[in-house]
Amino acid sequence: MPDRFEATLSPRWRAVLVGCALTLLAPVVLLTPEGVPAPAGRAALIALVAVQAGAVWWMGERPGAVTAVALVAGAGVQFLSPEIGPGIALVVVSTFAWLRPARASLWGAAGALVLTTVAPWASGHGEGAPLWAAAALLAWSWGALGRSRSARREAEARRVMVEERARIARELHDILAHTVSVMVVQAAAADDVFDANPARARQALRDLETSGRQALTEVRRFLRTVRALDPDADADAGCAPQPGLADLGVLTEPLAAAGLDVRVRAEGLDDRALPPSVQLSAYRIVQESLTNVLRHARARTADITLDATGRQLVVEVRDDGTGGGRLTVPGGGQGIAGMRERAALAGGSLDAGPDPAGGFRVRARLPLEEPS
């Protein structure tokens with residue numbers, strides 16, 4: 001999987017990094033380490049320290065160049081004063097490994113290894129080289145590990161955001177697609193009888209208004225629910241309950257005016273309380289199934305069966321239509337695909353296809369118990 005994590009250093013953190021560098025290197029400026037000839041060697045050492053500390057400020061914009069400068073300056077510091085080591089070169093290497101992917105920062109680890117191995121031997125203090133080399137590898141590994149953890153957290157946050165957007169889009173689609181389909185049929189019915197039967201046309205227009213108001217109510221209810229999930233939202237915003245199986249009557253009533261006879265048969269719903277999440281999934285599956293019937297089926301009747309007598313809720317919607325094309329819905333994630341996705345999220349499954357007896361059938365199985 002490609003590393004797409006974008007790490008940056010804010011001005012605040014750059015200032016902190018420079019301050020830490022100066023603090024760590026203060027002994028070099030205030031004291032004269034053993035073996036450093038004064039005053040020329042001390043001046044050179046202070047200059048190299050200043051170069052390292054100053055270069056850190058540009059670590060966010062040019063991490064590669066800053067790392068190279070820190071390594072070269074660190075080699076001079078370690079050559080002049082082996083007991084001090086490479087200054088803050090290893091801190092810079094660790095930061096570089098956090099800012100850039102492992103492949104791009106690996107040369108920093110190699111440079112640190114060369115620095116911490118060659119400089120001590122060149123100054124005649126090769127006995128400390130293995131420890132400094134181990135420190136270089138540890139510094140790079142620490143930065144790379146930090147980057148990996150940050151990348152995982154960002155990927156998880158991105159995944160949650162994408163799933164939440166998909167959930168919101170799915171809910172709004174289910175609400176609006178059904179209502180708009182009903183309203184279109186009701187408007188067509190009113191137009192058909194506008195001159196011949198004005199009373200019936202007025203009733204169709206009233207039904208059209210009722211459907212629109214119901215859609216607005218459900219959209220507001222859903223948006224209040226989404227807003228209640230925001231930790232910064234007002235506590236008084238409330239979380240209105242999502243629709244459930246008790247609301248199927250409100251869902252199917254306008255369909256009669258649209259010319260579709262909907263019959264509902266339920267078993268096992270009176271003697272047990274179904275989880276709200278299962279009820280919402282079942283409601284949306286029925287809603288989307290009826291939307292497809294209106295849009296594609298050219299059906300006269302639709303039968304809805306709800307069976308909760310076992311450990312799962314079985315939802316079945318059949319129609320006697322002759323229309324096709326319901327298995328392929330443009331804009332994936334909607335229609336049949338959307339219902340399958342909703343059933344899968346609830347831990348269940350959904351089958352949809354032509355009914356051998358005629359028409360079309362959608363059958364969903366939703367577990368009523370949490371998986372162990």
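Apart from neighbours within four places in sequence, Pro354 is in contact with Gly359 and Phe360. Pro354 sits in strand β4, which covers residues 349–354. Its relative accessibility is 63%, so Pro354 counts as exposed, the cut-off being over 50%. Gly321 lies 33 residues from Pro354 along the chain, and the C-alpha atoms of Pro354 and Gly321 are separated by 9.8 Å. The model described here is predicted.

**The chain as a whole**

The protein chain has 372 residues, of which 40% count as buried. It contains 10 helices and 5 strands. The exposed area of the chain is about 20,300 Å², and 60% of that area is supplied by carbon and sulfur atoms. When contacts between residues at least 6 apart in sequence are taken, 69% of them join residues at least 24 apart.

**Three residues by accessibility**

The table sets Pro354 beside Thr252 and Leu138.

| Residue | Element | Relative accessibility | Class |
|---|---|---|---|
| Pro354 | strand β4 | 63% | exposed |
| Thr252 | helix α8 | 13% | buried |
| Leu138 | helix α6 | 58% | exposed |

Thr252 belongs to helix α8, residues 248–257. Because buried means under 20% relative accessible area, Thr252 at 13% falls in that class. Beyond its neighbours within four places in sequence, Thr252 is in contact with Val262, Leu290 and Ile304.

Leu138 is part of helix α6. With a relative accessible area of 58%, Leu138 is exposed. Leu138 and Ser94 are 44 residues apart in sequence, and their C-alpha atoms are 8.4 Å apart in space. Ser94 is one of the α4 residues that meet α6.

**Helix α4 against helix α6**

Helix α4 spans residues 89–99, and its axis is 7 Å from that of α6, at an angle of about 30°. Angles under 35 degrees count as roughly parallel, so α4 and α6 are roughly parallel to each other. The crossing in which α4 passes α6 is right-handed.

On the α4 side, the residues in contact are Leu90, Val93, Ser94, Ala97, Trp98 and Leu99. On the α6 side, they are Trp132, Ala135, Ala136, Ala139, Trp140, Trp142, Gly143, Ala144, Gly146, Arg147 and Ser150. Sorted by class, this contact has 12 nonpolar, 4 polar and 1 charged residues.

**Helix α6 against helix α10**

Helix α6 runs over residues 129–192 and also meets helix α10, residues 335–345. The axes of α6 and α10 come within 11 Å and cross at roughly 125°. That angle lies in neither the 65 to 115 degree range nor the range over 145, so α6 and α10 are oblique to each other. α6 passes α10 in a left-handed crossing.

From α6, Arg170, Glu171, His173 and Asp174 make the contact. From α10, the residues in contact are Gly335, Gly338, Glu341, Arg342 and Leu345. By class, the contact of α6 with α10 holds 1 nonpolar, 3 polar and 5 charged residues.

Definitions and conventions: Residues are numbered from 1 along each chain as its sequence is written. This is a predicted model: local features need pLDDT of at least 70, side-chain atom pairs count only at pLDDT 80 or more; totals for chains, interfaces and linings use all residues. Side-chain values use heavy atoms; hydrogens and water are left out. Axes are lines fitted to C-alpha atoms, for helices over the stretch in contact, and angles run from 0 to 180 degrees between N-to-C directions. Helices (H or I, at least four residues) and strands (E, at least two) are DSSP runs, numbered from the N terminus. A crossing is left-handed if the near helix is turned anticlockwise from the far one by less than a right angle, and right-handed if clockwise. Contact means heavy atoms within 4.5 Å. Ala, Val, Leu, Ile, Met, Phe, Trp, Tyr, Cys and Pro count as nonpolar, Asp, Glu, Lys and Arg as charged, and the others, Gly among them, as polar. Buried means under 20% relative accessible area, exposed over 50%, partly exposed in between (1.4 Å probe, protein chains only). Accessible areas come from the Shrake-Rupley method with a 1.4 Å probe; for residues, only the protein chains shown count as cover.
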